[in-house]
Amino acid sequence: ETIVAALATTSLGATWSSCSPDFGVTGVLDRFGQIAPKVLVAAEGYYYGGKTFDQLPKIKEILAKLPTVEKTVIVGYTREKADLAGVPNALHYADFVAPKASGLAFEQVPFNHPLYILYSSGTTGVPKPIVYTHAQVLLAVRSIVAAFPDIGPGSRLACWLPLANLFQRVIDFCAVARGAASYVVPDPREIECAVLGNDEPQ
């Protein structure tokens, strides 16, 4: 869903930014509060350490302090369709996406048009937004494709990086562009399961 949302954002000529689902309310607001987002795509929960964490109370708190958000799209990760009562202007991901793309067209933008906004670590104050252009991301993608020329249909890529990491997104796009599968794993012990197709993490 993250890849789909990011590519859809790109097709509109809009700018994409992301935070890891396990960020606290302050961590998200310190970042998104600086960029005035119009649409928020959020997972309703996540798994960590064998436990399930409900994100909806946190999402409601974040939205109360992000007045620029016009639409909220909730992705079902720990449950199919969570109760969205109290989440303003929200709908489920399945109800948001078109059942079949029809005539998808990418907005033509300048080479230096902003594509992603990432952030500094925040260790010396509020995280600073860092803008990456289409040119920078395109060159990064081409570099990875050149470094791994055998990536293609049937290939599986697994990378254990923070979900807001630019390199993770670039790897995802490389995999999709070459017909391969990209796996996001919350626990490095699951990488063998994803890459080798084993039933259980080793």
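Two strands count as paired if DSSP finds at least two bridges between them. In this predicted model, β1 and β7 meet that criterion, with two bridges in the parallel sense. Within the pair, Ser 17 stands opposite Ile 117 of β7.

The protein holds seven helices and ten strands. Of its 202 residues, 36% count as buried. Among contacts with a separation of 6 or more, 58% join residues 24 or more positions apart. The accessible surface comes to about 12,000 Å². Carbon and sulfur atoms account for 57% of that surface.

The pairing of β1 with β7 belongs to an open sheet of three strands. The strand order is β1-β7-β8, and the pairing is mixed. β1 (16–17) and β8 (129–133) are the edge strands, each pairing on one side only. Helix α5, residues 134–147, lies across β7 and β8. The angle between α5 and β8 is about 70°.

A hairpin is formed by β3 and β4, with two residues between the strands. Gly 49 sits in the turn and has a positive phi of about 60°. The two strands pair in the antiparallel sense over four bridges. Tyr 47 stands opposite Thr 52 of β4. Strands of a sheet pair through backbone hydrogen bonds, either parallel or antiparallel.

Attention turns next to the interior. In soluble globular proteins, nonpolar side chains tend to be buried together. The largest nonpolar core of the model has 19 residues. Phe 32, Leu 40, Leu 56 and Ile 59 touch the most other members. Four elements give two or more residues to this core: α2 (25–32), β2 (39–43), α3 (56–64) and β7 (114–119). A second core, separate from this one, has 18 residues. Its members include Ile 144, Val 170, Cys 174 and Ala 180.

Helix α2 is mostly covered, with six of its eight residues buried. These are Val 25, Gly 27, Val 28, Leu 29, Arg 31 and Phe 32. The buried residues of α2 pack against β1, β2, α3 and β7. Phe 32 thus appears both in the buried set of α2 and among the core residues that touch the most other members.

Leu 56 reaches several residues beyond its neighbours within four places in sequence. Its contacts there are Glu 44, Ile 74, Arg 79, Ala 82, Asp 83, Leu 84 and Val 87. Two of these, Glu 44 and Arg 79, also form a salt bridge with each other.

The structure holds three salt bridges. Side chains of opposite charge can pair when their charged atoms come close. In the bridge between Glu 44 and Arg 79, the closest N and O atoms are 2.6 Å apart. This pair links distant parts of the chain, 35 residues apart. Glu 44 lies in the loop between β2 and β3 (45–48). Arg 79 lies in the loop between β5 (71–75) and β6 (90–92). Glu 44 counts as buried because its relative accessibility is 1%, under the 20% cut-off. Arg 79 is partly exposed, with a relative accessible area of 32%.

Arg 79 also meets Asp 54 in a salt bridge, at 2.5 Å from N to O. Asp 54 belongs to strand β4, residues 51–54. The two partners are 25 residues apart, and again the pair links distant parts of the chain. Asp 54 is partly exposed, with a relative accessible area of 44%.

Lys 81 and Asp 95 form another salt bridge, with the closest N and O atoms 3.2 Å apart. Lys 81 lies in the loop between β5 and β6, and Asp 95 in helix α4 (residues 93–96), so the pair ties together parts that are 14 residues apart in sequence. Both partners are partly exposed: the relative accessible area is 48% for Lys 81 and 47% for Asp 95. Shared partners join Glu 44, Asp 54 and Arg 79 into one network of salt bridges.

Key:
Residues are numbered from 1 along each chain as its sequence is written. This is a predicted model: local features need pLDDT of at least 70, side-chain atom pairs count only at pLDDT 80 or more; totals for chains, interfaces and linings use all residues. Side-chain values use heavy atoms; hydrogens and water are left out. A nonpolar core is a set of buried Ala, Val, Leu, Ile, Met, Phe, Trp, Tyr and Cys residues joined through side-chain atoms within 4.5 Å. Buried means under 20% relative accessible area, exposed over 50%, partly exposed in between (1.4 Å probe, protein chains only). Contact means heavy atoms within 4.5 Å. A salt bridge is a side-chain nitrogen of Lys or Arg within 4 Å of a carboxyl oxygen of Asp or Glu. Accessible areas come from the Shrake-Rupley method with a 1.4 Å probe; for residues, only the protein chains shown count as cover. Axes are lines fitted to C-alpha atoms, for helices over the stretch in contact, and angles run from 0 to 180 degrees between N-to-C directions.
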